[in-house]
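I opened this structure to see how its parts are arranged. My entries follow in the order in which I looked things up.

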Amino acid sequence: MATSRASALPGFGLTMGYTLAYLGLVVLLPLGALLIRVTSMTWADFGKVAFSDRALAAYRLTFGASFLAASLNAVLGTLLAWVLTRYRFPGRKFLDALVDFPFALPTAVAGLTLANLFSQNGWLGRFLVPLDIRLAYTTGGIVMALTFVSLPFVVRTLQPVLEDFEVELEEAAATLGAGRWRTFRSVVLPALLPALLTGFALAFARAVGEYGSVIFISTNKPYVSEITPQVIMGWLDQFEYASAMAVAVVMLAASFAILVTINLLERWASRFQR
Amino acid sequence: MRRVLIGLAVAFVGVFLLVPLANVFAQAMAKGWPAYQKSLGHPDTLASVRLTLLVSACCVPLNLVFGVIAAWAVAKFQFRGKALLITLIDLPFSVSPVVSGLIYVVMFGAQGVLGPWLDARDIQIIFAMPGIVLATLFVTFPFVARELIPLMEAQGSDAEQAALTLGASGWQTFRHVTLPSVKWGLLYGVILCNARAMGEFGAVSVVSGHISGVTETLPLRIEKLHQEYQAVGAFSAASLLAILALVTLGLKTWLERRQAIEHARGQNDSPSLP
């Protein structure tokens with residue numbers, strides 16, 4: 001199988017064999033088992049669970065809240081990436097390192113501390129609750145938690161693009177009489193768009209699958225404030241494996257669709273950069 | 001304009017990232033240092049720390065070995081289906097944690113594919129430590145490989161070919177030529193892999209069974225204490241994982257700087273290479 005110039009190196013058969021065996025055992029076999037188990041269900045049974053009212057309510061909440069979180073991240077992430085690449089100021093490196101904090105912090109800790117912060121007596125809640133902004137144990141709280149865990153994606157996809165961006169283009173626009181906002185909207189934003197959409201899709205994908213942080217800040221009520229992974233958990237707790245698997249397959253299909261979208265977006269983005 | 005944007009970015013990161021972090025420690029210390037120490041000394045919390053360390057000690061080496069071997073096979077050779085293989089290696093990142101746990105329940109649970117076979121031999125995987133290790137193995141599967149593959153691809157195989165021509169064995173070539181050139185990237189992958197292994201919540205929650213002192217990892221312990229309204233206990237346990245996140249972030253930043261230095265040096269050196 002090995003061809004051309006790299007073939008002089010040894011160990012292809014051995015390393016490829018190990019890679020495929022380990023990948024098969026840890027990833028493909030269990031995923032395949034789930035898919036095979038589900039194909040033994042009838043369409044009617046599958047549809048009854050996968051598109052039950054409870055599941056549909058959870059899909060709406062999951063995708064809606066994830067969309068809001070990804071949109072928030074698109075705006076705030078663009079701001080952060082812009083400030084981090086364009087300006088030099090004391091503490092910039094610290095700020096830059098801190099952006100990865102949501103990746104490093106276990107999701108259970110994020111959920112625990114956010115729920116506490118936004119509760120009535122919390123550091124932020126004591127100012128927000130009197131203004132009737134309730135984020136602990138509400139849908140708003142779910143959006144907050146999802147925004148937190150997916151924060152780094154937009155920043156990290158935009159940063160390299162902004163660093164390579166030719167400032168001359170902006171200067172040209174300014175020379176031609178465009179204002180700051182006009183320059184940003186007509187020159188910078190179109191060039192950023194592919195990377196911005198990629199970052200948005202990555203953040204969305206992360207938010208859709210998120211579980212740990214949400215259960216701490218949500219009331220977890222079926223039909224009302226239950227996200228899709230919780231529906232799966234709920235069925236599992238009742239030992240209803242078939243129902244859990246049906247909903248899981250819908251989630252897998254959704255993540256697969258997002259994955260394909262991200263791949264297409266990345267291809268588009270790389271064409272823009274060349 | 002510049003000042004406003006920097007101010008906004010700093011304020012956002014401060015409120016959204018630093019305040020939640022500070023809140024973890026503040027809540028853990030809410031009833032003073034002795035209460036903090038006492039809750040960390042709880043036998044079930046200590047047991048959860050031990051289990052978390054043990055699970056990470058199982059998963060990180062396995063995925064490290066896989067990552068190195070897979071990177072060798074993928075980066076140093078040309079073969080058909082390479083892009084597909086890379087996508088499959090990345091696959092666990094796009095699967096929701098709860099689904100990641102579920103697939104092992106489908107494989108090894110009482111109603112699972114191998115359930116009756118395992119039951120007859122009195123082997124328990126789900127609701128026991130092996131299940132926790134397997135679920136963690138799945139979610140941390142891509143970390144080392146995805147860090148090494150682009151790095152080793154970028155470096156090509158000229159140096160390895162030279163070593164082989166000079167009479168080095170395959171293993172010697174790997175040990176003395178390839179490994180030193182990717183060591184920082186390798187360490188980077190290991191640190192991220194470890195952070196995720198210790199902090200994983202959703203996947204582990206599905207397969208754990210939540211038996212205090214036995215199958216409860218540190219993130220699950222936080223959930224249990226939170227449900228029992230033991231705020232100081234939950235936040236004390238959370239503070240350990242917050243420290244892990246800070247250490248991870250510190251090491252990550254340090255390694256990125258090292259890599260940048262090495263990269264710059266490598267570019268200066270390259271003209272002198274044959």
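Entry on A:Arg92. I looked up A:Arg92 and found it in helix 4 of chain A, the helix of residues 92–98. The model is a predicted one. Is A:Arg92 buried, exposed or partly exposed? I counted 16 other C-beta atoms within 10 Å, so A:Arg92 is partly exposed; a buried residue would need 20 or more, and an exposed one would have 12 or fewer. I then took the C-alpha to C-alpha distance from A:Arg92 to A:Leu202, which is 25 Å, with their places 110 residues apart in sequence.

Entry on chain A. I looked up its secondary structure and noted 14 helices and zero strands. The C-alpha atoms of chain A fill a box of roughly 70 × 65 × 35 Å along the principal axes. Chain A has 274 residues, and 44% of them count as buried. I also looked at contacts in chain A between residues at least 6 apart in sequence, and 78% of these join residues at least 24 apart.

Entry on chain B. I noted 13 helices and zero strands here. The C-alpha trace of chain B spans about 65 × 65 × 35 Å along its principal axes. Of the 274 residues of chain B, I found 46% counted as buried. Among contacts in chain B between residues at least 6 apart in sequence, 75% join residues at least 24 apart.

Entry on where the chains meet. How many residues of chain A are in contact with chain B? I found 68 residues of chain A in contact with 69 residues of chain B. On the side of chain A that touches chain B, helix 1 (residues 12–39) gives the most, with 14 residues. I sorted the residues of that side of chain A by class and got 54 nonpolar, eleven polar and three charged.

Entry on the nonpolar core. The largest nonpolar core holds 156 residues, and A:Ile232, A:Val247, B:Leu102 and B:Ala238 touch the most other members. Helix 3 of chain B, residues 43–75, supplies the largest share of this core, 13 residues. I followed up B:Ala238, leaving aside its neighbours within four places in sequence. B:Ala238 is in contact with A:Val109, A:Leu112 and A:Thr113 of chain A, and with B:Val24, B:Ala28 and B:Ile222 of chain B.

Entry on helix 3 and helix 10 of chain B. I found these two helices packed at an angle of about 145°, with their axes 9 Å apart. Their crossing is right-handed. Among the residues that meet, I noted B:Cys59 and B:Asn63 in helix 3 of chain B, and B:Cys193 and B:Asn194 in helix 10 of chain B. By class, this contact has eight nonpolar, six polar and no charged residues.

Entry on helix 3 and helix 7 of chain B. Helix 7 covers residues 129–139 and packs against helix 3 at about 40°, with the axes 9 Å apart. Why do I call helix 3 and helix 7 of chain B oblique to each other? An angle under 35 degrees would count as roughly parallel, and 65 to 115 as roughly perpendicular; at about 40°, the two helices are therefore oblique. The crossing is right-handed. Helix 3 of chain B contributes B:Val55, B:Cys58, B:Cys59, B:Leu62 and B:Asn63, and helix 7 of chain B contributes B:Ile132, B:Val133, B:Thr136 and B:Leu137. I sorted this contact into seven nonpolar, two polar and no charged residues.

Note on methods. Residues numbered from 1 in each chain as written. Chains lettered and ligands numbered in written order. Predicted model: local features only at pLDDT ≥ 70, side-chain atom pairs only at ≥ 80, totals over all residues. Core = buried A, V, L, I, M, F, W, Y, C linked by C-beta atoms within 7 Å. Helix = DSSP H or I, 4+ residues; strand = E, 2+ residues; numbered from the N terminus. Contact = placed C-beta atoms within 7 Å. Nonpolar A, V, L, I, M, F, W, Y, C, P; charged D, E, K, R; others polar. Axes fitted to C-alpha atoms, helices over the stretch in contact; angles between N-to-C directions. Left-handed = near helix turned anticlockwise from the far one by under 90°. Parallel < 35°, antiparallel > 145°, perpendicular 65-115°, else oblique.
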